[in-house]
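Student: Could we go through this structure together? I would like to learn what the terms in its description rest on.

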Amino acid sequence: MALLEVKNAGITFGGLKAVSGFNMEIREGELVGLIGPNGAGKTTSFNLLTGVYTPSEGDIIFNGKRLNGLAPYQVTRSGISRTFQNIRLFGELTVLDNVKVAYHSLAKNSILSSILRLPRHFSEEKIMEEKSLEFLEIFGLDQYKDELAKNLPYGQQRRLEIARALAAGPKLLLLDEPAAGMNPQETHDLMELIAFIRKQFGLTILLIEHDMQLVMGICERIYVLDHGQLIAEGTPEAIRSNPKVIEAYLGEEVASDHA
Ligand SMILES: Nc1ncnc2c1ncn2[C@@H]1O[C@H](COP(=O)(O)OP(=O)(O)OP(=O)(O)O)[C@@H](O)[C@H]1O
Ligand SMILES: [Mg+2]
């Protein structure tokens with residue numbers, strides 16, 4: 001059985017079909033890429049998967065459960081976490097607190113017990129802090145734990161976003177252009193990190209990325225969107241030589257030459 005099954009999903013904004021007839025199946029443990037030119041509908045697909053938008057057509061089944069209509073926090077609790085194309089950290093909080101907040105959103109501890117400062121609150125708080133520190137270590141961010149998130153270099157902010165997403169304990173991790181704005185060395189390190197956390201936490205990963213070399217290098221299968229439609233699905237080798245894909249990307253290069 002697939003861990004994630006997207007059946008004929010789509011959404012329309014005004015008259016624009018941002019995504020339509022989208023089908024996707026991801027098995028547990030896979031690392032899958034989602035690519036396509038600018039405006040193809042990649043981020044919108046993530047928004048459909050995570051409850052930001054309710055699909056106007058089709059179904060999203062995760063772990064045997066239908067997700068349509070769930071709010072984003074309910075999707076997170078079902079086991080899907082994501083990062084954002086535009087980094088969304090709490091800039092005025094410390095690096096450590098950014099990860100702790102992600103834990104808090106899941107904690108069994110009630111708001112009441114934290115207001116009353118019951119003993120259980122303190123012990124859970126301590127456990128959260130220790131776990132958050134463990135994540136920061138994995139991501140090489142522990143030395144920055146007391147720094148405000150907004151003061152981190154850009155590449156480190158991207159890593160912190162992933163650490164936060166992981167703190168929610170997902171089965172499926174969605175990464176929206178995690179290497180955007182990174183230099184080649186940072187990108188290379190990030191790829192190794194993604195491979196590591198996948199093994200370490202038994203994750204299934206769906207990755208949006210513009211850097212072709214990167215996608216082709218680490219993904220086992222790739223889906224390609226263009227103008228809101230799935231135009232290809234297959235291994236990196238098959239995708240690389242697929243005429244429809246080449247055409248979609250040639251269009252983009254020509255367009256950006258004139259930009
Ligand atoms: N909330 C919205 N309201 C109206 N149109 C939207 C909305 N969200 C996305 N769109 C449109 O849907 C299309 C797909 O956008 P999307 O952001 O998913 O593309 P993308 O593949 O992620 O592109 P990029 O590579 O630039 O990030 C675009 O035409 C975009 O303008
Ligand atoms: Mg996008």
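Tutor: Let us talk about ligand 1 and the helix α1.
Tutor: This is a predicted model, where local features need pLDDT of at least 70, side-chain atom pairs count only at pLDDT 80 or more, and totals for chains, interfaces and linings use all residues. Residues are numbered from 1 along each chain as its sequence is written, chains are lettered from A and ligands numbered from 1 in the order in which they are written, and side-chain values use heavy atoms, with hydrogens and water left out.

Student: What makes the pair between ligand 1 and the side chain of Thr-44 a polar contact?
Tutor: A polar contact is a pair of N or O atoms within 3.5 Å. An oxygen atom of ligand 1 lies 2.5 Å from an N or O atom in the Thr-44 side chain, so the pair fits that definition. Polar backbone atoms also lie 3.1 Å from a ligand oxygen at Ala-40 and 2.9 Å from one at Gly-41.

Student: Which element gives the most to the shell around ligand 1?
Tutor: That is α1, with three residues. Helices are DSSP runs (H or I, at least four residues), and α1 spans 42-49.

Student: Why is α1 called mostly covered?
Tutor: Buried means under 20% relative accessible area (1.4 Å probe, protein chains only). Seven of the eight residues of α1 are buried, among them Lys-42, Phe-46 and Leu-49, so "mostly covered" follows from that cut-off.

Student: What comes just after α1?
Tutor: Gly-51, which takes a positive phi of about 80°.

Notes:
A polar contact is a pair of N or O atoms within 3.5 Å; within protein, one must be able to donate a hydrogen and the other to accept it, and residues adjacent in sequence count only if both atoms are side-chain atoms. Helices (H or I, at least four residues) and strands (E, at least two) are DSSP runs, numbered from the N terminus. Buried means under 20% relative accessible area, exposed over 50%, partly exposed in between (1.4 Å probe, protein chains only).
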